[in-house]
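Subject: Structure handover

Hi,

Here is the structure I promised to pass on. Please open it first, then read my notes below.

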Amino acid sequence: MAQSEKSSHAQRVRDQVQLEARSRDHRLQVGLVLTGVLLLAVFLWTGLKENVYTDWRRYQLEYRDILEKKAKTKLGRKLHQDFDIRIRQVVIPELGVVDRCVSCHNGITDPRMTDVKSPHKVHPGPYLNQHEVGKFGCTICHRGQGRALVFSEAKAVGHHWPHPMLPGGLTQSSCGLCHSPAEVRSAGGEKYARGHRLFGELGCVSCHKLYGRGGSLGPELTREGWKAPQEVSMKNVRGDKTLARWIYEHFQDPQRIVPGSLMPPPRLAAGQLEALTIYTLSLQRRDLPSKYLSPGKYLELHRLRNPPEMTGKQLVARYCGTCHDTGSYGRYDAFYQRFIPAIRGPSFVQLVTPEYLDAAIRRGRPGTPMAAWAGGLKDNELVKIRSYLLGRKVEPGVRLPPKIVAQAKDPGLVIHGDVAQGAAIFARQCASCHGPRGEGRLGPALANRVFQGSATDGFLYATIAYGRADTAMPAFLGTHQGSYRPSQIQALVAFVRSLGGGVRPRAKVASGSANRRTP
Amino acid sequence: MGQPEQTTFWQNLKRLPWTFWGSLVRHGKPDTDRARSQTVFSNLFLHLHPTRTHIRSLRFSATMALGVFTLSLFVIIVVTGVLLMFYYKPSVETAYNSVKDIHYVVPLGRIMRNVHRWAAHLMVVAVLLHMARVFYSAAYKQPRELNWLLGIGLLVTTLALSFTGYLLPWDQLAYWAVTIGANIAGSARELTDAFGITQSVDPGGFTREVMLGSRGVGGEALIRFYALHVMVLPIFMALLLGVHFWRVRKDGGLARPDADVTHAGKGAAPKGSPAVKPEQAPTKTYGLMCVVRDRKPATNLDPADTVPSWPYLMRAEVLIFVASLVVCMVLGLLFDAPLKEAANAAIPENPAKAPWYFLGLQELVSYSAFMGGMVIPGVALLGLALIPYLDREKEPAGVYFSGARGKRIAGYSLVFGVVMATLAVAIPVSYGWLRNWVPDINQIWIILVNPGTLLTLAYMAWSLAVLRTTRSTRMAAIAIFTCFLAGFFVLTYVGSELRGPNWDFYWSKSAWPTH
Amino acid sequence: MSERLKPDPVPRRSFLSIAGLGTLALAGVGALAGMVRLLKPYVYPEPMARFRLGRPDEFPPGTVKVVPERSIYVISEPEGVAVISLVCTHLGCIVAPADKGFDCPCHGSRFDPKGRVLRGPAPRALLWLEVSQAADGSLMVDANREVKPNTWYRG
């Protein structure tokens, strides 16, 4: 009895389970059909996206129609007949070029394609006559992402590609990859050549190095035109966040793009701005295969790396003149808001020792726009500059007393004076230009270590006493109102020396004239 | 009946299609339960299933389909991955461009890569959810401890696969994420540095170099990651998977309460005894299993509650697979897998972020690389592994949260976990930490006392408190598991959404300073 | 024997199950087709098969020129210009121009100057490639398109 009860219970369970399984299975079957249909739809979507709705296919179909319309000659008919719809590309392994631009720009080499819409047009200008697409590709000149098959991604502005397409006007910068400016000046590279000339005229190398040569105040520019956008700060760039735009806006206003930049605004007209941007973009150091470089480019690169010998005068004009001009007078620079020393001034060249000049040129004046030149120029060039500056003829009218000149060249000479008195005079007379602690304002920084380490006491005395002809530094020795007696000037020298924190020129061992008192 | 047994070559040839089919499919049409069972039984791929499945295991609520979902994703990843291998070129010079080409010109290459990527991300999620499901339904308990351990192995392998794959596109994202990941692996150096013994004992440097094959991420790392990603780890994964599935069967199928809740009503059947005695069970082809005297395999318990796996279980599995494929394809069609600029060791990404599932770790690492990168994840993994050995209470498996009390504890723990994790982020963000307060503090203090370690300790304390109050190891396990899960989610969210350049805190990505 | 020992009655395949199987089979075929499609690339990572040879006036009649990087041989005669592939038709070695014709270094096939087989295992003459003109007039060669031997292109 219990047995059968139990078994009927089991039967009930069994039926329930069967029922549930069946109804569940029915729902599963419906679900399977639905998801199966969904899957088919997704496959269809994929297939369409892949094979039908692609830009290049649409453009090629359009282009085939154009070819048909233009098929007037035998050649034209053959071109239409042979045109098949497929991805086209230019592959140049030695340049690392894989350019699929020709998948949409199908008429790029067809001279008949002058009256058609944009992607089908023939390439403007005579550029392709010398630069066959199959040998150069497109991105070598235009930049951009050649592998892409969609225009926005080929242009690659903001698409995670380091070298987006150059705006049309700036493409000339790519001439500089293989050509020297002189070669293309009248062959389609006018702006590039003009930018190169401007680069020289503006004296950019005074602060920037090119292939290791030049000033060190600004960054080296050898591959400035091939930087990735992340290498510069795009924060304040108003246009596209591209390198080309960064360079352009930076030339408009260096301080807006790079806050705190030491670069004086070049103040260029629009055309010059574009030309200089183009030249800067041409600085890439890509090291292309040598067979691509023109003879002129070889020569240019060779000259950049192995510069021809220049005279001291040429060197000064090229590397120093940007700030110091001829160097024979002192001038006020509105951008840096300071007087720029007359490095060939008559008073200066009489007093200065070769060691002083050497230190000033090689080590610069830390904390001022005068940067160190050791490394930026070769040793013998620095010597040439020094000799050129020292070699200035001094007219009789500005000659200093020989005794004063001799003192100035004696590093062993120590001038003693009343530091407190000197401080008082300094605060009254000198601080407005040189700063209360000699830190330098309009005038040179006197507390500067390099200065203190190379300026002799005699040099300081002579400079304060007799001033600097043709500069803003007046002579303070005299008897009239506002002048000072020699002891007061000695006090000033002592005070200035106290600003250096014990740094002073090393006495020559041989001179044996240590610790002599002044007259 | 002339020459009945005489077969000739020609007759054999004529019968070839049928004999061949017969050798392939060793049973009749699956139109009876027995034939269906045989179908499952005699097929290598299907026989991972039991011939009959408990009705309860078929219900969505029992598994939420997460295990099969994970497996489906794995299959999708393997297939797309093999296809991608035909085009991917694993070297520093070619890797990035080959991925670009897969994206642009390989027929269907873009969708394959997208599906591979999204399925990989989904798989990490699915593995975590599957683990949570198993945990909350108490399915890790005896006799399933081993399978729980295998599951943890699978979790680690999944993460390793995702991480090694992350490097392969060789773009900025990959390069810097892996640089960070490798530094986390080498973070033991932080401790040895603090003691000043790195010169002589340098386990951090060792793991790092073994991982990268060099000092930094370069060609050696790429080929290592490639070998791991396409061969070593998938094989290991497949092995583990096989054992994992096999254990599911050997441990008696899905975990479920002994006296099951069928539609016949709770407790309708006498507790502890099957609804049908084995001797009354329908004749079935149990084969050898009938002879085995043990509770394993436990397939023949309450046979009345079971239905043939074919077609009921199979259909559900196929449905899950197809649905997963649809999900991955739609994701792949809508969203391209990311590909940034080619890797450049000179231009760091800022912020440089690890893959998202490591961002919780990266958040911890921002306090202390050694604690956040080695100790805390190590402790968490060890804790996970120990759960089934420390919690041996005999409770009905297969009941979520083991009842209402567990649900309550899980709720409280969730709140506690979220609050503490939020505090662990908020306090350093608002007030700074030891280094801000005592600038010259010894690094050892930084390592020992940081928000990450404190958070871990708080979770442990909470769990101990629950243990004391409830006197139930299961409840304590629920508490700590929930806490860690909550902490993982909070920290991952913070790391991925609220951290910007220089790992600074930002409420939204739009507030990031433009580079 | 209890009635439960009889096999369960199973309903015939329903429309639903057939529909489900059908769509899945279709999707499977689609997926398989996609996978096979993936293996046949659209483009190759090598220079295009169709390339520019030069301007027609670079090849006056009587010119004979080997372009080694493309493995082709250009002949210009009064009838026109022709391009012969230097790839041996036997197993793909590059044949070398010899005194009279071409020698294959691999298995000793020999061809006459017009590519006809003189001896050796080569099954057929060297391929004559299609010469055409681009829109700007320059001569183009398509390494993928074969023409009949003795087809001379005249612009």
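Does V91(A) count as buried or exposed? With a relative accessibility of 9%, V91(A) is buried, because the cut-off for that class is under 20%. Keep in mind throughout that this is a predicted model.

**V91(A) and its surroundings**

V91(A) sits in strand β1 of chain A, which spans residues 90–92. Beyond four places in sequence, its contacts are V97(A), V98(A), Y44(C), P45(C), E46(C) and P47(C). The list thus includes residues of chain C. For a sense of distance, take S483(A), which is 392 residues away from V91(A) along the chain. The C-alpha atoms of these two are 79 Å apart.

**Chain C against chain A**

Here 28 residues of chain C meet 32 residues of chain A. About 2,600 Å² is buried between the two chains. Carbon and sulfur atoms account for 62% of that area. Three salt bridges link chain C and chain A. One of them pairs R52(C) with E132(A), at 3.0 Å from N to O. Three residue pairs are in polar contact across this interface, with both residues at pLDDT 80 or more.

Which elements of chain C each supply at least two residues of the side that touches chain A? They are α1 (15–39) and β9 (128–133). The largest share comes from α1(C), with ten residues. By class, this side of chain C has 15 nonpolar, six polar and seven charged residues.

**S132(C)**

Strand β9 of chain C also holds S132(C). S132(C) is buried, because its relative accessible area is 3% and the limit is under 20%. Its side chain makes a polar contact of 3.1 Å with the side chain of R50(C). Leaving out neighbours within four places in sequence, S132(C) is in contact with R50(C), S138(C), L139(C), M140(C) and Y153(C).

**Chain B against chain A**

How many residues does each chain bring to this contact? Chain B brings 49 and chain A brings 46. The buried area is about 4,400 Å², and 64% of it is on carbon and sulfur atoms. There are four salt bridges between chain B and chain A. One joins R315(B) to D25(A), with the closest N and O atoms 2.9 Å apart. The interface has ten residue pairs in polar contact, both residues being at pLDDT 80 or more.

On chain B, four elements each give at least two residues to the side that touches chain A. These are α3 (55–58), α6 (95–104), β2 (306–308) and α13 (309–334). The most comes from α13(B), with 14 residues. This side of chain B divides into 33 nonpolar, eight polar and eight charged residues.

**Inside chain B, and the cores**

Chain B has 20 helices and two strands. Of its 515 residues, 50% count as buried. Take the contacts in chain B between residues at least 6 apart in sequence: 78% of them join residues at least 24 apart.

The largest nonpolar core has 97 residues. Which of its members touch the most others? They are F135(B), W148(B) and F481(B). Helix α7 of chain B, residues 109–136, gives the most to this core, with 15 residues. F481(B) contacts M131(B), A132(B), F135(B), Y136(B), W148(B), L384(B) and I387(B), not counting neighbours within four places in sequence. Another core, of 90 residues, lies apart from this one. Its members include F136(A), F199(A), V405(A) and Y461(A). As general background, nonpolar side chains tend to be buried together in soluble globular proteins.

**Helix α16 of chain A**

Helix α16 of chain A covers residues 354–363. Its buried residues are Y356(A), L357(A), D358(A), A359(A), A360(A) and I361(A). They pack against α15 (346–351), α17 (379–390), α20 (449–454) and α21 (457–466) of chain A. After α16(A) comes G364(A), with a positive phi near 70°.

Over to you.

Note on methods: Residues are numbered from 1 along each chain as its sequence is written. Chains are lettered from A and ligands numbered from 1 in the order in which they are written. Side-chain values use heavy atoms; hydrogens and water are left out. Contact means heavy atoms within 4.5 Å. Buried area is the accessible area (1.4 Å probe) that two parts lose on being put together, summed over both. A salt bridge is a side-chain nitrogen of Lys or Arg within 4 Å of a carboxyl oxygen of Asp or Glu. A polar contact is a pair of N or O atoms within 3.5 Å; within protein, one must be able to donate a hydrogen and the other to accept it, and residues adjacent in sequence count only if both atoms are side-chain atoms. Ala, Val, Leu, Ile, Met, Phe, Trp, Tyr, Cys and Pro count as nonpolar, Asp, Glu, Lys and Arg as charged, and the others, Gly among them, as polar. A nonpolar core is a set of buried Ala, Val, Leu, Ile, Met, Phe, Trp, Tyr and Cys residues joined through side-chain atoms within 4.5 Å. Buried means under 20% relative accessible area, exposed over 50%, partly exposed in between (1.4 Å probe, protein chains only).
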